[in-house]
Every structure is written in structure tokens, then in C-alpha cells.
Amino acid sequence: MTAPPRPLAQRIQDTRRRLDEDVDAWVATADRAGTPYLVPLSFLWDDETLLISTAAGNPTARNLRDGGQVRLTIGTTRDVVLIEGSAVVADALTDEVADAFAVKTGFDPRKQRNYPYFRIRPELIQAWREVNELAARELMVDGVWLA
């Protein structure tokens, strides 16, 4: 039996908890020709942006530097958070933020060669568990939470 749809406030609360507690996301980018690239990456959420890091020479880093558009998903197909946003290179991270990233993800890009950080600002966030939540799946639009 399918659970009843969650009210908006509950779905936002559940999504914020997932952003705080989940470690990994599927990150999708595309090059200028439209060739898609999908990779799992760890992230740190700071209540406004997601911080990721990846090797400077791989397609994800190139696509983020060139176009900045990104789509991420967290969770499973029966409990998904989908985020669309724009990314910028995060050049000036404090040690506190870099340490928090390393602790949460178990990976410290500072110990790698040429692993830039990228800060992703969500513009659209959707979340749903079952078909009965699809109609009201938008939780953030134009970078603003709906409730």
C-alpha cells in the first residue's frame, strides 16, 4: 500500500535532512555539444549550496567550468531529491569548510593533485517518493524554498 503524500512542509524538512545527512549524489553535466556525463560525487551542504570536488581534467570539471549548469540526484527512485543549479569554482575555501567536507565525505581533495572544489547553487529542487507526490514535487523554484 502506498503511503499518503507528504505535505509540502514535511517534504521540505525531509529534503533538508537528506541534504545534511546523505554523502553522495549522482551529478550530471553536459559539454557544449550536449554530450551528457554522469558521475557519483560526494557533497557537503551548507544550507544554501552544495560543495563538490573532482579532478580538474575530467569531463565533469570541464563542463562545470565551461557552462556551469548541473543536475544532481540524491536517493533512490522511490525517494528521490532532484536538484538543478549552477556551479562556480570555489577558489577561496576556509580551512573550516574544507575540513568539514573531508570529515563528512571521507575524502580530502587538498591531498590530491589538482582537485578543485565547485559550489553549486540550487535553482530548482524537487522531491517525491511515489506517483502521488509528483504533482506537487517542486520544493524550490528560482532558488527560493516554497515554504
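Which residue lies over the face of Phe43? Select Phe43 and look above its ring: Lys104 is there, at 4.1 Å from the ring centre. Keep in mind throughout that this is a predicted model.

**The annotated span**

Next, select residues 25-128. An unreviewed UniProt entry places the feature "domain: Pyridoxamine 5'-phosphate oxidase N-terminal" here. Colour the span by secondary structure: 18% is helix and 48% is strand. Then pick the C-alpha atoms at its two ends, which lie 16 Å apart.

**Aromatic pairs**

The structure holds two aromatic pairs. For one of them, select Phe101 and Tyr117. Their ring centres are 5.6 Å apart and their planes meet at 85 degrees, so this pair is edge-to-face. Phe101 belongs to helix H3 (residues 95-105) and Tyr117 to strand S7 (residues 117-128), so the pair ties together parts that are 16 residues apart in sequence. Both Phe101 and Tyr117 are buried.

Move to Phe107 and Tyr115. The centres of these rings are also 5.6 Å apart, and with planes at 65 degrees the pair is edge-to-face because the angle is over 60. Phe107 is partly exposed, at 27% relative accessible area, and Tyr115 is partly exposed at 29%.

While rings are on display, add Trp128 and Arg137. Arg137 lies over the face of Trp128, at 5.9 Å from the ring centre.

**Salt bridges**

Now show the charged side chains. Side chains of opposite charge can pair when their charged atoms come close. The structure holds twelve salt bridges; three stops follow.

Select Arg18 and Asp22. They form a salt bridge in which the closest N and O atoms are 2.9 Å apart. Is Arg18 buried or exposed? At 12% relative accessibility, Arg18 counts as buried.

Select Glu130 and Arg78. Their closest N and O atoms are 3.0 Å apart, in another salt bridge. This pair links distant parts of the chain, 52 residues apart: Glu130 sits in the loop between S7 and strand S8 (138-141), and Arg78 in the loop between strand S5 (69-76) and strand S6 (79-89). Glu130 is partly exposed, with a relative accessible area of 25%, while Arg78 counts as exposed at 55%.

Select Arg110 and Asp99, whose side chains meet in a salt bridge with an N to O distance of 2.7 Å. Arg110 is in the loop between H3 and S7 and Asp99 is in helix H3, so the pair ties together parts eleven residues apart in sequence. Arg110 is partly exposed, at 38% relative accessible area, and so is Asp99, at 37%.

To see a network of salt bridges, select Arg6, Asp14, Arg17, Arg18, Asp22, Asp79, Arg129 and Glu133 together; these residues are linked in one. Arg18 and Asp22, from the earlier stop, are among them.

**Nonpolar cores**

Finally, hide the charged side chains and turn to the nonpolar ones. The largest nonpolar core has 25 residues, of which Leu19, Phe43, Leu50, Leu72, Ile83 and Trp145 touch the most other members. Strand S7 gives the most to this core, with four residues. Centre the view on Leu72. Leaving aside residues up to four places away in sequence, Leu72 touches Ala25, Trp26, Val27, Leu50, Val81, Leu82, Ile83 and Ile120.

For the last stop, select Leu44, Leu51, Ala90 and Ala98. These are among the six residues of a second, separate core.

Terms used
Residues are numbered from 1 along each chain as its sequence is written. This is a predicted model: local features need pLDDT of at least 70, side-chain atom pairs count only at pLDDT 80 or more; totals for chains, interfaces and linings use all residues. Side-chain values use heavy atoms; hydrogens and water are left out. UniProt positions are given in the numbering used here, feature names are shortened, and annotations may be inferred rather than shown by experiment. Rings of Phe, Tyr and Trp (its six-membered ring) pair if their centres lie within 6.5 Å; planes under 30 degrees apart count as stacked, over 60 as edge-to-face and the rest as tilted. Buried means under 20% relative accessible area, exposed over 50%, partly exposed in between (1.4 Å probe, protein chains only). A charge sits over a ring if NZ of Lys or CZ of Arg is within 6 Å of the ring centre and within 35 degrees of the ring normal. A salt bridge is a side-chain nitrogen of Lys or Arg within 4 Å of a carboxyl oxygen of Asp or Glu. A nonpolar core is a set of buried Ala, Val, Leu, Ile, Met, Phe, Trp, Tyr and Cys residues joined through side-chain atoms within 4.5 Å. Contact means heavy atoms within 4.5 Å.
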